[in-house]
Amino acid sequence: MAIGRDWDEIYKNMDCFTQEDRDEIDFKVKLVGEILDARKGKGMTQSELDALCGVKQTHIARIENNRTDPQLSTILKILRSLGKTLAVVDIPQIATGASENR
């Protein structure tokens, strides 16, 4: 591996990842980014978020640093405390293909 290569370049060239793996990684990175942005946007510390949602500060730190794979219920507690929620939406290329097979 060459020194100085950035994550995007490494990620694109990792043959061991399926498209589903890449989609899952992208989703997790975006979700954690949204949580972090929302918390910082409210000027809130991890400890303040802990007090608001009941998820321990240390666990919030591990989530924000991508060092854990939290349960959905934990994510929902955090998001709700930040005034956010999750939504289920169609994936355009999959939704199109599925409707054609009906």
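## The largest pocket

Asp23, Asp26, Phe27, Lys30, Leu86, Ala87, Val88, Val89, Asp90, Ile91, Pro92 and Gln93 line the largest pocket. This is a predicted model, so treat everything here as computed from predicted coordinates. The volume of that pocket comes out at about 410 Å³.

Which helices supply at least two residues each to the lining? Those are α2 and α6, the latter spanning 92-100. Helix α2 gives the most, with four residues. Phe27 is worth a second look, since this lining residue also turns up in a nonpolar surface patch with Leu72, Leu76 and Leu86. Leu86 plays both parts too, being in the pocket lining and in the patch.

## The overall layout

Stepping back from the pocket, the chain has six helices and zero strands. Read along the sequence, that gives a plain α-α-α-α-α-α pattern. How much of the chain is buried? Of its 102 residues, 24% fall into that class.

## Helix α2

Helix α2 covers residues 19-41, which makes 23 residues. From its first C-alpha to its last, α2 reaches 32 Å, close to the 33 Å expected at 1.5 Å a residue. Just past the end of α2, Gly43 takes a positive phi of about 65 degrees.

Which residues of α2 are buried? The list runs Arg22, Leu31, Val32, Ile35, Ala38 and Arg39. As a general point about spacing, an α-helix has 3.6 residues a turn, so residues three or four places apart point the same way. Ile35 belongs to α2 and counts as buried because its relative accessibility is 1%, against a cut-off of under 20%. Ile35 also has a partner from elsewhere in the chain: Leu79 is 44 residues away in sequence, yet the two C-alphas are 6.8 Å apart in space.

## Salt bridges

How many salt bridges does the structure hold? There are three. The general idea is simple: side chains of opposite charge can pair when their charged atoms come close.

Take Lys28 to begin with. Its side chain meets that of Glu24 in a salt bridge, at 2.8 Å from N to O. Both residues sit in helix α2, four residues apart, or about one turn of the helix. Lys28 counts as partly exposed at 29% relative accessibility, and Glu24 is also partly exposed, at 42%. Lys28 forms a salt bridge with Asp69 as well, with the closest N and O atoms 3.1 Å apart. That pair links distant parts of the chain, with Asp69 in the loop between α4 and α5, Lys28 in helix α2, and their positions 41 residues apart. Asp69 counts as exposed because its relative accessibility is 56%, and the cut-off for that class is over 50%.

The remaining pair is Arg39 with Glu64, whose side chains meet at 2.7 Å, N to O. Here too the pair links distant parts of the chain: Arg39 is in helix α2 and Glu64 in helix α4, 25 residues apart. Are these two residues buried or exposed? Both Arg39 and Glu64 are buried. As for the pairs around Lys28, salt bridges that share partners join Glu24, Lys28 and Asp69 into one network.

## The nonpolar patch

On the surface, Phe27, Leu72, Leu76 and Leu86 make a nonpolar patch of about 350 Å². Where does Leu76 sit? Its place is in helix α5, residues 72-81. Leu76 is partly exposed, with a relative accessible area of 35%. That value helps explain why Leu76 can be in the patch at all, because patch members need over 30% relative accessible area.

## A positive phi in the α4-α5 loop

Asn66 has an unusual claim on your attention in this report: its phi is near 55 degrees, a positive value in a residue other than glycine. Asn66 is found in the loop between α4 (57-64) and α5. With a relative accessible area of 49%, Asn66 is partly exposed. Asp69, the partner of Lys28, is in that loop between α4 and α5 too.

How values were computed
Residues numbered from 1 in each chain as written. Predicted model: local features only at pLDDT ≥ 70, side-chain atom pairs only at ≥ 80, totals over all residues. Heavy atoms only, no water. Expected span 1.5 Å × (residues − 1). Buried < 20%, exposed > 50% of the residue type's maximum accessible area, 1.4 Å probe, protein only. Patch = residues over 30% accessible without salt bridge, like charges linked within 9 Å, V, L, I, M, F, W, Y side chains within 5 Å. Areas by Shrake-Rupley, 256 points an atom, 1.4 Å probe, with all protein chains shown as cover. Salt bridge = Lys/Arg side-chain N within 4 Å of Asp/Glu carboxyl O. 1 Å grid on protein atoms, 1.4 Å probe; cavity = no way out; pocket = protein on both sides within 12 Å on 5 of 7 lines; lining within 4 Å. Points joined across faces, edges and corners; volume = space filled by probe spheres on them.
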